[in-house]
Amino acid sequence: MQAQAGESRRRGAIWGMGALGILAIIGIGAAGAGTHAPREHEIRVTAGRYFFEPAVIRVQRGDTLMLRFAATDVVHGFYLEGHDLDVTIPPLSRQVEAKRAGATELVEEVVLVAERSGKFRYRCSKPCGAMHPFMVGELVVGPNHLFRASAASAIGLLLGGLAWVRLRSPEERPG
Amino acid sequence: MNAPAPCATTRTVDLLARWPRFAWLLRRRWFPLVVAVPLLVLTATFVSAGLVGTPVGNRNGLVVFVWILWWFLLIAVLVPFAARSWCGVCPVPLLGDWLQRRRVLGVTFADPRQGKEGPGTQIGRNRYRGASRRWPRRLSNLWLQNLGFLLLATFSVVLLTSPLASALAVGGMVAAATGVALLYRQRTFCRFLCPVGGFLSLYSMSSTLALRARSSSVCGDCKEKSCLAGSEQGWGCPWLEYPSRMARNNACGLCLECVKTCPHGNMSLFVRPPFAERRLEGLDEAFKAFLMLALAIAYSVVYLGPWGGLKAAANVAEAVDWRAFGLYAGGLWALALGVVPGLYLAAAWLGRRLARTPQVPARAAALAGASTLVPFGLLVWIAFSVPLVLANGSYVLAAGSDPFGWGWNLFGTAAIPWTPVVPHWTPWFQAGLLLVGQGAGLRAGWLENRELYGGRRRALLGFAPTAVLLAATALLLLALYTG
């Protein structure tokens, strides 16, 4: 009896993992479908307590971002996760201090090629007030494999789980 | 699943049998006090930092240690792997314990057969100072904890960012726990009032650690019932539980008194598979699950999301825009008390209709549906907490050396700059956690519904709407975290 239950669990796990894998692959495939000619985006990022404008930047992998910055109140930062970029934005100044790969330079524009897909948060890196740790924006670089694959997996879990229950779970006591 | 059977099965490990030295440690009267007292000193230090230290949240020891380090350890480490072990060492009720017991290490033993003279109130074989009243039966549930947590959650931005507000909140909890200890018996505050205890109660069900009796027959034959009544070796269960019949983690604060008092050595700690308990016993518990999910979603939007307007609305202490805050608070309460419970209750109702089982009580169907949110909610809270510690964990090193923000450098780490640690991996961690939570939630909900509805087909129909809603919730959170 225990061996049967174990076998049932094992098969259930295989079914579930299989469904999950197939849907994840479909999700990634759908995300990667189509070609995209790289584009250039001129973006003016405004930072203020406790927001970035634009709050979300959406581009495609291979696109070039030409970022200009402005701070509306106090000194803010623009730390881009996963990109080794930390910009200090003084108020009332066109020039910003951009720190990349250990080097710091004063510039009016930061040029960045979106080479990796996914969601990357940009955060204020200069303490600016009470909610400073939560001052964030989002750079979403398509195709977003992680989102597509995880969303497909969530649907796969639902469908695979219900299918497994329908096909494998024994009928118990009558109602 | 939740029958009062012993925990010793093939899939559990009896820690005290396996490690006799660990058993020896847990049976000492000075354990876990030896952990709780240093924590009390640390808490007093950090509360002082909140009161008189720098008002800059991310440089103040109280804000940084409580809301980054403690919170993450609690929700992502202690609850999943050590149940309510925090409650066992929590410094908040220590003063109240002492006022009740008038003992630090010792036990006031009084055999009830030899008369009840002496100071204080006799409960079982122990005597306690204070009024030792019984908590009203109609309040012996999670409703007050639900309300208290929602109230605190409404002002979470103030708590998270203002050292003074955090100090007043922690200090207020100590004062409340002490006051309640003077009026009501044992750990009434922890059991029925502590806002943190409410969600620890719910999510400790998913923990891999459980304190249980080894053998129900030993307990059945036991005449002393020392775990309940106390003995010379220890106090009767301060959590007002009957430890030998305990089948869920919810109300066990892991104070370990029953391990000390059991004359048969029958109480032990067991390691078990995760998500082992799933049954909710009342609508108060179901609403705790709804409330916690709603708050996790709301916090994910407000704190982790890019919407500055929402942050400004929630930040009433700084922005002082009461109209915007009113809208924010109204939305939060509507989500927590209306939208999330409404959707999950409607899904359970719809499932019951689809299964064509009017004999199944609507309340039971609602509880079976809400059981999906025990593992799922815990994993959502961990997913929410991951970026807080990855992005802001380095503040702990700086504030540890200078908790008051007065320019100290106790451990040479005060000047460590803000250094996020692999913050770009956050969406990957979050996606993985959400999927594990969804899987565990589906399993919990299915098993509960199968037991409730009996037949497979009816159970499938009964559970399907909740399963779809759970998947939709997971998709919403995946969109927030990774999309």
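In chain B, strand β1(B) and strand β5 (residues 267-271) run antiparallel and are joined by two bridges. If you want a spot to land on, look at Asp14(B), which sits across from Phe270(B) in β5(B). This is a predicted model, so read everything that follows as a description of a prediction.

That pair belongs to an open sheet of three strands in chain B, ordered β1-β5-β4, with antiparallel pairing. The edges are held by β1 (13-14) and β4 (209-213) of chain B; each has a single partner strand, so one side of each has no neighbour in the sheet.

Before going further, a word on confidence. The model scores ipTM 0.90 and pTM 0.94. Chain B averages a pLDDT of 95, and 98% of the residues score at least 70. The start of chain B is another matter: over residues 1-6 pLDDT stays under 50, and the model has 16 contacts beyond four places in sequence for that stretch.

Now to the helices of chain B. Helix α22 (residues 426-453) of chain B packs against helix α23 (residues 456-482) of chain B, with the axes 9 Å apart and an angle of about 165°. Angles over 145 degrees count as roughly antiparallel, which means that α22(B) is roughly antiparallel to α23(B). Their crossing is right-handed. Sorted by class, the contact of α22(B) with α23(B) has 15 nonpolar, eight polar and three charged residues.

Helix α22(B) has another partner to look at, helix α19 (residues 362-370) of chain B. Here the axes come within 8 Å and cross at roughly 160°, and α19(B) and α22(B) are therefore roughly antiparallel to each other. On the α19(B) side the contact is made by Ala364(B), Ala365(B), Ala368(B) and Gly369(B), and on the α22(B) side by Gly445(B), Glu448(B), Asn449(B) and Leu452(B). By class, the contact of α19(B) with α22(B) comes to four nonpolar, three polar and one charged residues.

While you're in chain B, have a look at Ala83(B). Its phi is near 50°, a positive value in a residue other than glycine. You'll find Ala83(B) in the loop between α4 (61-82) and α5 (85-89) of chain B.

Next comes the place where the two chains meet. There, 44 residues of chain B are in contact with 43 residues of chain A. The elements of chain B that give two or more residues to this side are α8 (156-161), α16 (308-314), α20 (373-392), α22 and α23. Of these, α23(B) gives the most, with 11 residues. So what classes of residue make up the side of chain B that touches chain A? They divide into 24 nonpolar, 15 polar and five charged. Helices α22(B) and α23(B) thus turn up twice in this tour: they pack on each other, and both give residues to the side that touches chain A.

Crossing over to chain A, start with its open sheet of four strands, in the order β2-β1-β4-β9, where the pairing is mixed. The edge strands are β2 and β9 (110-113) of chain A, each pairing on one side only. Neighbouring strands of this sheet are turned by 30° against each other on average, direction ignored. At the β9 end, four bridges join strand β4 (residues 64-71) of chain A to β9(A), and the two run antiparallel. Thr64(A) is a handy marker there, standing opposite Val113(A) in β9(A).

This sheet also leads to a cis peptide bond. The bond joins Arg49(A) and Tyr50(A), with omega about -10°. Tyr50(A) lies in the loop between β1 (40-48) and β2 (51-53) of chain A.

Elsewhere in chain A, strand β11 (residues 136-142) pairs in both senses. With strand β3 (residues 56-60) of chain A, β11(A) pairs in the parallel sense over five bridges, and Val56(A) stands opposite Glu138(A). With strand β10 (residues 118-123) of chain A, the pairing of β11(A) is antiparallel and spans six bridges; here Lys119(A) faces Val140(A).

Follow β11(A) to its end and what kind of peptide bond joins Gly142(A) and Pro143(A)? That bond is cis, with omega about -5°. Pro143(A) lies in the loop between β11 and α2 (145-168) of chain A.

Terms used. Residues numbered from 1 in each chain as written. Chains lettered and ligands numbered in written order. Predicted model: local features only at pLDDT ≥ 70, side-chain atom pairs only at ≥ 80, totals over all residues. Pairing = 2+ DSSP bridges. Axes fitted to C-alpha atoms, helices over the stretch in contact; angles between N-to-C directions. Parallel < 35°, antiparallel > 145°, perpendicular 65-115°, else oblique. Left-handed = near helix turned anticlockwise from the far one by under 90°. Nonpolar A, V, L, I, M, F, W, Y, C, P; charged D, E, K, R; others polar. pLDDT = per-residue confidence, 0-100. Contact = placed C-beta atoms within 7 Å.
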